[in-house]
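Let's take a walk through this structure and look at how the protein meets the DNA. Keep the 3D view open as you read.

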Number of protein chains: 2
Amino acid sequence: MALRVSEVAQQAGVSADAVRFYEKEGLLPSPPRSPAGYREYDATIPHRIRFIKGAQEMGLKLAEIGELLEIQDRGACPCGHTKTLVERRIAEIDAEIDRLSSLRTGLAGLAELECSATTESDLWACEAEFRKRR
Amino acid sequence: MALRVSEVAQQAGVSADAVRFYEKEGLLPSPPRSPAGYREYDATIPHRIRFIKGAQEMGLKLAEIGELLEIQDRGACPCGHTKTLVERRIAEIDAEIDRLSSLRTGLAGLAELECSATTESDLWACEAEFRKRR
DNA sequence: GTAAACCTTGGAGTGGACTCCAAGGTCAAG
DNA sequence: CTTGACCTTGGAGTCCACTCCAAGGTTTAC
């Protein structure tokens with residue numbers, strides 16, 4: 001009935017090492033142990049791990065996900081807190097998209113340059129050209 | 001006449017530790033030393049460091065910048081190589097922008113949800129909702 | 001009975017670009 | 001002559017989310 005660490009890992013799509021790591025970091029509760037000391041998980045744990053992975057894909061850090069889970073485990077709804085984290089993350093994403101967009105523009109201009117391998121065109125010239133174009 | 005490590009660092013806008021680090025990584029030549037063993041840089045080095053920082057801002061890794069500088073130091077024009085790196089980097093940026101954009105869409109939807117702190121709305125509900133919206 | 005396939009633990013290693021530290025040497029000013 | 005600001009080196013620490021390992025114990029299959 002009870003799931004072993006690698007079964008949980010396989011169901012959640014992560015490694016057994018990762019499951020133990022999440023436990024060590026406090027994202028998963030310490031499960032009961034078999035007489036031999038093996039971890040015995042109940043069937044809800046893979047769900048919890050998939051939540052962790054989902055939140056991670058949204059760009060949240062393990063520490064942040066841990067906070068959310070902690071609030072949740074205390075019986076409260078962490079949605080307000082989640083919203084704060086999500087909004088902060090959206091702001092970060094917007095900043096990052098802006099940064100990457102202007103970077104892309106700069107690089108695309110650089111790539112277009114006629115910078116054939118003749119004597120005077122060199123790396124510094126490329127870079128000087130790039131600077132001009134900003 | 002010769003510049004000391006912290007003067008170079010200050011002119012280039014980096015730390016003295018970073019200058020020594022670049023030397024160790026092969027991005028800067030080992031400069032001549034004073035009788036006491038102090039590094040003595042010529043005036044072109046801050047320019048080289050600013051180039052490194054510029055290339056870094058474009059998202060190139062130190063190892064890649066090192067390759068470029070090595071070609072350059074051998075007297076060849078690294079522009080062809082640069083172009084390859086730049087084009088690869090543009091592709092990475094495009095992929096990253098796409099990823100962030102769809103992430104943003106998902107998160108924005110999540111943030112809009114009426115997920116007030118009543119009994120049944122919890123983290124898992126938020127997440128289930130998020131999954132539906134993809 | 002033995003081999004394969006699990007499980008346990010603690011601890012080290014990864015990448016990237018540094019930063020910080022200790023323990024000592026050097027140099028100019030007052 | 002001492003204070004303080006520089007310089008040298010090697011090596012450790014940072015962040016993040018793991019992964020990999022060794023050295024052992026357990027369980028399962030044949």
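## A word before we start

A polar contact here is a pair of N or O atoms within 3.5 Å. With that in hand, look at B:Tyr38: an N or O atom in the side chain of B:Tyr38 sits 2.7 Å from a base nitrogen of DNA strand C. Bear in mind that what you're looking at is a predicted model.

## Around DNA strand C

Which residues come nearest to DNA strand C? Out of 19 residues around the strand, they are A:Arg20, A:Arg39, B:Ser15, B:Tyr38 and B:Gln56. Two of these names turn up again at the phosphates. The side chain of A:Arg39 has an N or O atom 2.8 Å from a phosphate oxygen of DNA strand C, and for the side chain of B:Gln56 the distance to a phosphate oxygen of this strand is 2.7 Å.

Now for the elements behind this surface. Those giving two or more residues are α1 (5-12) of chain A, plus α2 (16-24) and α3 (45-57) of chain B. The largest share, four residues, is from α2(B). Sorted by class, the surface near DNA strand C holds eight nonpolar, four polar and seven charged residues. And on the DNA side, 75% of the strand C atoms within 4 Å of the protein belong to sugar or phosphate, while the rest belong to bases.

## Around DNA strand D

On to the other strand. DNA strand D is surrounded by 19 residues, with A:Ser15, A:Tyr38, A:Gln56, B:Ser6 and B:Arg20 the closest. Several side chains reach phosphate oxygens of DNA strand D. A:Ser15 has a polar side-chain atom 2.6 Å from one, the side chain of A:Tyr22 has an N or O atom 2.8 Å from one, and a polar side-chain atom of B:Arg33 lies 3.1 Å from one.

Which element gives the largest share of the surface near DNA strand D? That's α2(A), with four residues. At least two residues each come from α2 (16-24) and α3 (45-57) of chain A and from α1 (5-12) of chain B. The class split near DNA strand D is eight nonpolar, four polar and seven charged. Of the strand D atoms within 4 Å of the protein, 75% are sugar or phosphate atoms and the rest are base atoms.

## How far to trust chain A

Chain A has an average pLDDT of 83, and 80% of the residues score at least 70. Over residues 116-122 of chain A, though, the pLDDT is below 50, and this stretch has nine contacts in the model beyond near neighbours in sequence. Where pLDDT is low, the predicted coordinates shouldn't be read in detail.

Conventions. Residues are numbered from 1 along each chain as its sequence is written. Chains are lettered from A and ligands numbered from 1 in the order in which they are written. Side-chain values use heavy atoms; hydrogens and water are left out. A residue is near a molecule or strand if one of its heavy atoms lies within 4 Å of it. A polar contact is a pair of N or O atoms within 3.5 Å; within protein, one must be able to donate a hydrogen and the other to accept it, and residues adjacent in sequence count only if both atoms are side-chain atoms. Ala, Val, Leu, Ile, Met, Phe, Trp, Tyr, Cys and Pro count as nonpolar, Asp, Glu, Lys and Arg as charged, and the others, Gly among them, as polar. pLDDT is the predictor's confidence in each residue, from 0 to 100. Contact means heavy atoms within 4.5 Å.
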